[in-house]
Amino acid sequence: MKKKYFIILLLAVGCMSALKAQPLSVVKKDTESSKEQKIIFTGGPILEMNVSNFIHSGIGDSKSKMKFGFSTGGFLNLGISKSFSVQGEMLFHYKTSDFEWSNQTGEYRYWGMEIPVYAMYHYCFSKGNRLHIGIGPYTEFGLGASFKYGGIKQDLYEKDSATGLPALCDSNTGFGIKVGYEFVSGFQINATYKASVTNLLDENSSRIKMHPQTFSIGIAYRFAK
């Protein structure tokens, strides 16, 4: 229940900040002249298609195959200078992948929320278009995960009666890299790659490692340029 309130609070704060999107001017003075540096908040919506699977070890004769999903959410960008900014995002994901072992295949389905933060470098072209690249950490909160195999659907966050542990942890942390191009209108095309440093397994975590990874490509629009 606390997690739900936390998500609602973060979403509300993000929406309010994005709606304002007003420039904040910071005046710096020196002995010769007065200089004005503008720190500008901008933001907008994000829509992406993703493919995801697991980097795993400790499971012989197995394969994790990528399948398609989607992500949607928004971003807030803190423009510190023409070439540098810090960008925070809030994304809601739906992800799927297949896991195959001993010639048998099961389907993994997941939905959750992710908060990445990027340090962004921007290269500005003469006509106003921009190329950007960002790198930074993310934290992901799972809201639901299941595995369907042989007609049986298992809730991966449900605690096992014997061990008292769920099959998977409901949160993970990792790092991502984001590359994109923004047109002078504010329309963006972006590609990202993210990999978790957290072992997602709760049960059997000492001998089996499973780290989720995601590739995504999508569009965004930056308001209040």
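**Note on the strand pairings and on T139**

1. Strands β5 and β6 make a hairpin with five residues between them, and G128 in that turn has a positive phi of about 100 degrees. The model is predicted. The strands of this hairpin are β5 (residues 104–124) and β6, which run antiparallel and are joined by 16 bridges. One pair to look up is E107, which stands opposite K148 in β6.

2. β6 also pairs with strand β7 (residues 152–155), in the antiparallel sense and over four bridges. These two strands form a hairpin with two residues between them, where G150 takes a positive phi near 60 degrees. Across this hairpin, Y149 has I152 in β7 as its bridge partner.

3. A further partner of β6 is β8: the two run antiparallel and are joined by twelve bridges. Here E140 stands opposite N172 in β8.

4. Which residues does T139 touch, leaving aside those up to four places away in sequence? They are M113, E114, I115, N172 and T173. T139 itself lies in β6, which covers residues 130–149. Of these contacts, M113 falls within β5 (residues 104–124), while N172 falls within β8 (residues 171–182). M113 is 26 residues from T139 along the chain, and the C-alpha atoms of the two are separated by 8.6 Å.

5. Is T139 buried, exposed or partly exposed? T139 counts as partly exposed because its relative accessibility is 27%, and the partly exposed class lies between under 20% (buried) and over 50% (exposed).

6. The pairing carries on from β8 to β9, two antiparallel strands joined by nine bridges. V179 has A191 in β9 as its bridge partner. The hairpin of β8 and β9 has four residues between the strands, and G186 there takes a positive phi near 105 degrees. β9 in turn pairs with strand β10 (residues 209–221), again in the antiparallel sense over nine bridges. In that pairing, Q213 in β10 is the bridge partner of A195.

7. Confidence should be checked before reading details. The chain averages a pLDDT of 84, and 81% of the residues score at least 70. Among the elements of the chain, strand β9 (residues 187–196) has the highest mean pLDDT, 98, and strand β1 (residues 23–29) the lowest, 46. Over residues 16–34 pLDDT stays under 50, although the model has 27 contacts beyond four places in sequence for this stretch. Where pLDDT is low, the predicted coordinates should not be read in detail.

Notes
Residues are numbered from 1 along each chain as its sequence is written. This is a predicted model: local features need pLDDT of at least 70, side-chain atom pairs count only at pLDDT 80 or more; totals for chains, interfaces and linings use all residues. Side-chain values use heavy atoms; hydrogens and water are left out. Buried means under 20% relative accessible area, exposed over 50%, partly exposed in between (1.4 Å probe, protein chains only). Contact means heavy atoms within 4.5 Å. pLDDT is the predictor's confidence in each residue, from 0 to 100. Two strands pair if DSSP finds at least two bridges between them.
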